[in-house]
Amino acid sequence: MGYGVSMQEILEKLALVRDEAITSLRCAGAVDDIDKLRVKYLGKKGLITEFLKGLGDIDNSVKPVVGKAVNDAKRIVSEAVEGRFVELKREEDGKRFKAEAVDITLAGKKREAGKKHPLNQVTEEVLAVFSRLGFLIKEGPEIETEYYNFEALNMPKLHPARDMQDTFYIGQDLLLRTHTSPVQIRVMEEMRPPLRVVAPGKVYRRDADITHSPMFHQIEGFMVDERVTFADLKGVLSIFCQAVFGEDTKVRFRPSFFPFTEPSAEVDISCVMCGGKGCRVCKMTGWLEILGAGMIHPEVFRAVHYDAETYSGFAFGMGIERIAMLKYGIGDIRLFYENDVRFLAQF
C-alpha cells in the first residue's frame, strides 16, 4: 500500500477517511454537492479507492483484513451517499412543489373575451347598410399624390379649399390622404357607369383636440348613372341615417360648399340626446351635423373622362368617429385611441 505503516495504522487512517466522508455528506446542502463528494471518496481516484489500489503493497497475511475493512468502508460511504441524495432530492422537490403549488382557495382568473373595437363595429354597421342598398366596397392607398387627393377633385394648386385639409407631406408630390375621396377618382378611371361605391379607410389631417384626431376614419360614397338627381341623394342618406340612428331620426339638408360637389349640402340629424328638443350637445338647436354631400362637380367628371352631359351622380363623406361619438354619446374622440379596456368593454 506504500504507507510504510502497520495494519492498525492503515485501518485507523481508513476509519478517519470514512468518518470524514460521512460527516461531509451530512453537511452537504445540495444534490450537486453529493455528486462531488461521491467522486472525491469513491471515484477512480477517490480517497477510499486508493486504499483498494494499495492492497498489493501490503503483506499477504493482512490483506484479507484490510480488504474487508476497505470494502466495508466503501459500502458504508456508498449507502450514506445514496441516503443523503434521497433526502436532499426530497427536500428540493418539496420546495419546488410548494413554489409551484396552486392555491385552490383563491378566486379563479377570469379570461375576458375579446371584442371588436367600437370604430370597427360602427364601420361594419355603416357598410352593411350601404351594401343592402347595392353599393360595392372599394379601398385605395393611404399615401396619395396631389393629383388624386386634390387636383382631380377640382382643387388645383393654390386653391383656398386646400387650407381646410392641411395634411402631412412625405415628398414633393406625395402626402397622407386627407379624405377617402381619391378612391372615387381611381374607381371612375377604371370603371364605367352605373356605379354605386363606398370607400372606407384611414385619413390624416393636422388636427388634434377633443373632437379631432390627426388620424381618423372616413367613408366616402358615390353613385353615378344617367339621370341621378339630388332626390336620390336625399333618399339614400335618409335611409342610412334612420338605419343607424333609429327610424324616428329626422334628416335635414343645409346648403354648403365642397369643391368637388355642386350643389353641396351639410346633412344634419335630429339630436340623439334630446330627440330634437334642444340640449347642451346640440347647442339648443335640436340638430347635429353628421356628414357632407352633394352632386358630383362636372370638373370631376372631366378629370375621369366622363361625359357630364350624359352622366350625373352624387357623393358623400362621413367620419366614423363622428358617427360613433353621436351614436354612443361620447364627448372626447381621444378615448377611441387610448386602449383603456374599461372604456372599450362597454361596446
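At 25% relative accessibility, is F230 buried, partly exposed or exposed? F230 counts as partly exposed, because its relative accessibility is 25% (buried means under 20% relative accessible area, exposed over 50%, partly exposed in between, with a 1.4 Å probe and protein chains only).

Before we move on: this is a predicted model, where local features need pLDDT of at least 70 and side-chain atom pairs count only at pLDDT 80 or more, while totals for chains, interfaces and linings use all residues. Residues are numbered from 1 along each chain as its sequence is written, and side-chain values use heavy atoms, leaving out hydrogens and water.

**Aromatic rings.** Keep F230 selected and add F253: their ring centres are 6.0 Å apart and their planes at 70°, so the pair is edge-to-face (rings of Phe, Tyr and Trp, for Trp the six-membered ring, pair with centres within 6.5 Å; planes under 30 degrees apart are stacked, over 60 edge-to-face, the rest tilted). Next, pick F258 and F260, whose centres are 6.2 Å apart with planes at 15°, so this pair is stacked. Both F258 and F260 are buried. Then select F130, F135, F240, F314 and F316, a cluster linked by ring pairs.

**Strand β4.** Now colour residues 195–204 (strands are DSSP E runs of at least two residues, helices H or I runs of at least four, numbered from the N terminus). Eight of the ten residues in β4 are buried, so the rest of the structure largely encloses this strand. Ten bridges join β4 to β5 (residues 215–225), running antiparallel (strands pair if DSSP finds at least two bridges between them). Look for V203, which stands opposite F216 in β5.
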